[in-house]
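Reader: I am new to this structure. Could you walk me through it with a few questions and answers?

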Amino acid sequence: MSILDGTEAATARALAIDLAREVSTAGNDYSLVGGSTGFALLCHELSADAPRDAAATLEPALDAIAGGELQDPAFFSGFCGVIWAAARILGDVDTSDIDEVLLTLLSRKVWRESYDLVLGLAGLGVYALDSPQRAPIVSRVIDLLESRAVVTDEGLTWFTPPALLHPLARASAPQGVFDLGMAHGVSGVIALLARAALAGVERERSRGILERAVPWLLAQRLPENALSHFPDRIVAGKMPSPSRLAWCYGDLAVAAALYTAGVACRETAWIDTAERVTRDAAVRPHEQSGVVDAPFCHGAAGVAHLFLRFHAATGDSIFADASRRWLRQLIAMRDSESFLTLRLDEAGNAQRQSVDGMLEGRCGIALALLAATNDAPPSWDRMFLVDLPTGGRS
C-alpha cells in the first residue's frame with residue numbers, strides 16, 4: 001500500500017505527527033468528521049506516536065451518547081459515526097441499543113431528510129454495513145433510498161430539493177439540484193449500494209437499483225473537449241459546467257463510485273470508464289485542477305488518497321505516480337497559506353481558516369499522509385466510500 005519510501009515517507013509521517021499535535025481538544029464537538037471522534041481515530045492510527053490515548057480521547061463522545069447529549073444519528077456528525085469509530089478503536093462494542101433506536105427511526109414510510117453520505121441515508125448505510133448484525137438496518141436504508149428515487153428517461157437518480165440545500169447553494173439553484181457528488185449526491189448512493197451488494201446484503205436488489213442508477217450517472221458526461229468528464233451537479237435551466245478534482249464531487253468521486261459499482265455488478269464497461277476518467281484526472285495539470293487548499297474533502301489530501309486507492313485496486317502505475325505528485329504538492333503547501341482550508345462565510349466570501357477535523361482539516365490530512373507510508377491498507381477511509389475493491393476484472 002505504501003507508495004512513499006525513504007526520506008519522503010519519513011517526511012510525510014513526521015508531518016502527520018506534527019498535525020496531530022496541533023489539533024485542539026477543546027469544545028464539545030464529538031463528531032467523527034469534525035470533532036474529537038475523528039481525532040481519536042487519528043490517534044489510533046498513529047499508535048505510539050499519538051499525542052493522546054485514542055480510547056481516552058473517544059470517551060467523552062461515548063459519554064455524550066450515554067447521557068443523551070448527542071442525539072443526532074447522522075454518520076458524519078452524530079452518534080452513528082462515534083460508534084463506528086469506537087469499533088475500530090476499542091474492538092467489540094455492544095451496539096444493540098443504538099441499532100434498535102436507528103431501526104425505529106428508519107421505520108417511517110417516508111424519509112424527507114437528506115439521502116446523502118454526510119447527513120443522510122447513505123451515511124447510515126455505511127454505519128450499518130460495518131456489522132452483519134445490522135443487515136435489517138441496511139435493508140431499511142435501501143427501502144427508503146428506493147422511495148426517494150426519481151425515475152427519468154435516462155435512468156434512476158436522486159434529487160435534492162431546495163429546502164435541503166445550504167442557503168448559498170439554494171441561491172444558485174432555487175428549484176433544487178441533481179447532485180453527482182460523493183458527499184451529498186448520487187455517487188455516494190451508488191457507492192453504498194455497491195458496497196451492500198459486495199457484502200451480500202440485499203445483493204440482487206442493490207444490483208437492480210445500480211443497473212438503473214449508473215446509466216443516469218453516465219448520461220451526465222460532458223462533451224469530450226470539456227475540462228472534466230462530469231459536472232458536480234445538474235440544475236434545471238443551466239448548462240452543466242466542468243468540476244474540479246476532489247473527493248466530495250467531480251471526476252474522482254464519480255470514478256470511485258463507478259469502479260465499485262462495476263466490481264459489484266461485474267460490469268467491466270463501468271470499470272473501464274472509471275479507469276479512463278481517473279487516468280485523465282491523473283494527467284490534469286495542477287493549475288487546471290481547481291485544488292486550492294489541503295483538506296481531504298476538496299483539497300490535495302483527498303486527491304492524493306483517491307489516486308492511492310485506484311493504484312491499490314488496479315495496480316496501474318499512473319495512479320501511483322499521480323498520488324506521489326499530489327502528496328509532494330501537499331507537503332510543499334505546509335508552509336504556505338494554501339495549506340489552510342478555504343471556506344465561504346455566510347455572505348459567500350472566501351476565507352482561509354485553520355481547521356482540525358477529518359473532512360476539512362488536520363486530522364484528514366494526517367490520515368492521508370499516513371496511508372501513503374503504511375504497508376497495510378487503512379480502514380478509516382471506508383467512511384468516505386473510497387476503499388475500492390480489488391479484483392475488478394476477475
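Reader: Which residues of α15 are buried?

Author: Happy to help! This is a predicted model, where local features need pLDDT of at least 70, side-chain atom pairs count only at pLDDT 80 or more, and totals for chains, interfaces and linings use all residues. Residues are numbered from 1 along each chain as its sequence is written, and side-chain values use heavy atoms, leaving out hydrogens and water. Buried means under 20% relative accessible area, exposed over 50%, and partly exposed in between (1.4 Å probe, protein chains only); helices are DSSP runs (H or I, at least four residues), numbered from the N terminus. Helix α15 spans residues 362-371, and 10 of its 10 residues are buried: Arg362, Cys363, Gly364, Ile365, Ala366, Leu367, Ala368, Leu369, Leu370 and Ala371.

Reader: What do the buried residues of α15 pack against?

Author: Contact here means heavy atoms within 4.5 Å. By that rule, the partners of these buried residues are α1 (6-22), α2 (36-46), α13 (300-314) and α14 (317-332).

Reader: Which helix gives the most to the largest nonpolar core?

Author: A nonpolar core is a set of buried Ala, Val, Leu, Ile, Met, Phe, Trp, Tyr and Cys residues joined through side-chain atoms within 4.5 Å. The largest one has 139 residues, and Phe76, Trp158, Trp247 and Phe384 have the most contacts inside it. With 12 residues, the top contributor is helix α11 (residues 251-265).

Reader: How far from Cys43 is the nearest cysteine sulfur?

Author: A disulfide is a pair of cysteine sulfur atoms within 2.5 Å, and the structure holds zero of them. Cys43 is buried, with a relative accessible area of 2%. Its nearest cysteine sulfur belongs to Cys363, at 7.6 Å.

Key. Helices (H or I, at least four residues) and strands (E, at least two) are DSSP runs, numbered from the N terminus.
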